[in-house]
Amino acid sequence: MAAPQVLINAIGCAVPPHDVHQAFIDWAEAQIVDSRERALFRRMADRSGIDHRWSVLPEGHSPTAPGGFYGAGMPPTSERMRVYAEQAPALALAAIARLREQVALDGISHLVVASCTGFVAPGIDQIVADALGLVGVERTLVGFMGCYAAVAALRTARHIVRSEPEARVLVVTVELSSLHLQDDHAIEPLLAMLQFADGAAAALVTADGEGLAIGRPFAVQLPDSAKLIRWTIGDTGFVMHLSGEVPGRIQAALRDEAVRAELTGEQRPADIALWAVHAGGRSILDAVEHGLDLAPDDLATSRAVLARHGNMSSSTLMFILADLLAAPSAGDGVALAFGPGLAAEGFRFQRA
């Protein structure tokens, strides 16, 4: 008996109301002592492809200004996790409310939650399940995988539906990256922090109806790359290390025919109609475009999400898929995200 087709029926997205992008740029420039490096940072910020980044931190003034969350110095990890425990479930529930506007959420049998920017117990999955009244729902929590965690969450939902065709799986991603600002004066970590923002998304995955049909997942590990993306727990939040080598390594890997075959099967990248590439930054999207010899418009959806929201870690790919669902375009697609390892993970899909 053939396994059922598995569909992302709909996706709801939510961001907080506080745009902190320009406030961060102003703060970061003041952190840089050398005037030439300060000018370089400004040029890189102007070329980042990001117009807005949203944060759960209070509105009314910059988080780094006096009275702001970071105004008196870098808060300890415990204080950041206190905010996470309050705000992450609220933002996740806002995304679920957006999803409910599109599709009925009765009969949810499984809940898969991905988040790498905080820890709380009972977990986000339990808090969300309780808030929704999901009694007896089977829960899975995907944690600390970074930007490709949405792939892991949707892949898990696919496995569930393929084994239980009547399953109705609610997939949620929620990330509060703005809780992890670091007091740094070097240009590379400041440029890394320039990318990240807060956001949540929720998807319904079933074997019924219409949507994006999830195909075979793939995972590619780049050799000798473990140190390029690191995410460690420090005394003042989670510390991200994002090497400037990452875009070049991604571009080189995508020129390898074996890697291309893993991503696209027997199709040429140019023949893929729909691309959902994690918007990790403008340089990441440029690396994918050049590495796969794509047309400039092929990553337009990913670039638009980057401009509106920045890099929301695992939620970013969900926002891109949501935009593709809302568009009239049809055909074969590839979802692709990168994260610690350095690894590339994703899946093929088709607009059904």
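The lining of the second largest cavity in this predicted model comprises, by class, eight nonpolar, no polar and no charged residues. That cavity is one of two of 30 Å³ or more that the structure holds, and the space inside the second largest is about 40 Å³, while about 230 Å³ lies in the largest. Outside the cavities, the fold offers an open sheet of nine strands with mixed pairing, helices that include α3, which packs on that sheet, and a cis peptide bond between alanine 121 and proline 122.

**Second largest cavity**

- The residues that line the second largest cavity are Val220, Leu222, Ile250, Ala253, Leu254, Val259, Phe338 and Ala344.
- Helix α7, which spans residues 246–254, gives the most to this lining, with three residues.

**Largest cavity**

- Nineteen residues line the largest cavity, and those that lie nearest its centre are Cys147, Phe196, Ile229, Asn311 and Phe338.
- Two or more residues of that lining come from each of the elements β9 (229–234), β10 (237–242) and β12 (332–339).
- Sorted by class, the lining of the largest cavity has 11 nonpolar and eight polar residues, with no charged residues.
- Phe338 is named in the lining of the second largest cavity and is also among the residues nearest the centre of the largest.

**Sheet order and edges**

- The nine strands of the open sheet follow the order β5-β4-β6-β7-β1-β8-β13-β12-β11, and their pairing is mixed.
- Because β5 (138–143) and β11 (274–277) stand at the edges and each has a single partner strand, one side of each is left without a neighbour in the sheet.
- From one strand to the next, the twist of the sheet averages 25°.

**Strand pairing around β8**

- Strand β8 (residues 212–221) runs antiparallel to strand β13 (residues 343–351), and eight bridges join the two.
- Within this pairing, leucine 212 has arginine 351 of β13 as its bridge partner, and alanine 219 has glutamate 345 of β13 as its partner.
- Strand β8 is also joined to β1 by two bridges, again with the strands running antiparallel, and here leucine 7 stands opposite alanine 213 in β8.

**Helices packed on the sheet**

- Helix α3 (residues 77–100) packs on the sheet, where it touches β1 (7–14), β4 (110–115), β6 (169–176) and β7 (198–206), and the direction of the helix makes about 135° with that of β6.
- Helix α4 (residues 124–132) lies across β4, β5 and β6 and runs at about 135° to β4.

**Backbone features in loops**

- The cis peptide bond between alanine 121 and proline 122 has an omega of about 0°, and proline 122 is placed in the loop between β4 and α4.
- Another cis peptide bond joins glycine 341 and leucine 342, with an omega of about -15°, and leucine 342 lies in the loop between β12 and β13.
- Aspartate 293 has a positive phi of about 55° although it is not a glycine, and its place is in the loop between α9 (282–291) and α10 (300–309).

**Annotated span**

- An unreviewed UniProt entry carries the annotation "domain: Chalcone/stilbene synthase C-terminal", which covers residues 222–347.
- In the model, the end C-alpha atoms of residues 222–347 lie 17 Å apart, and the span is 39% helix and 23% strand.

Conventions: Residues are numbered from 1 along each chain as its sequence is written. This is a predicted model: local features need pLDDT of at least 70, side-chain atom pairs count only at pLDDT 80 or more; totals for chains, interfaces and linings use all residues. Side-chain values use heavy atoms; hydrogens and water are left out. On a 1 Å grid over the protein atoms alone, a cavity is a set of points where a 1.4 Å probe fits but cannot get out, and a pocket is an open set with protein on both sides within 12 Å along at least five of seven lines; lining residues have an atom within 4 Å of a point. Grid points are joined across faces, edges and corners, and a volume is the space filled by probe spheres set on the points. Helices (H or I, at least four residues) and strands (E, at least two) are DSSP runs, numbered from the N terminus. Ala, Val, Leu, Ile, Met, Phe, Trp, Tyr, Cys and Pro count as nonpolar, Asp, Glu, Lys and Arg as charged, and the others, Gly among them, as polar. UniProt positions are given in the numbering used here, feature names are shortened, and annotations may be inferred rather than shown by experiment. Two strands pair if DSSP finds at least two bridges between them. Axes are lines fitted to C-alpha atoms, for helices over the stretch in contact, and angles run from 0 to 180 degrees between N-to-C directions. Contact means heavy atoms within 4.5 Å.
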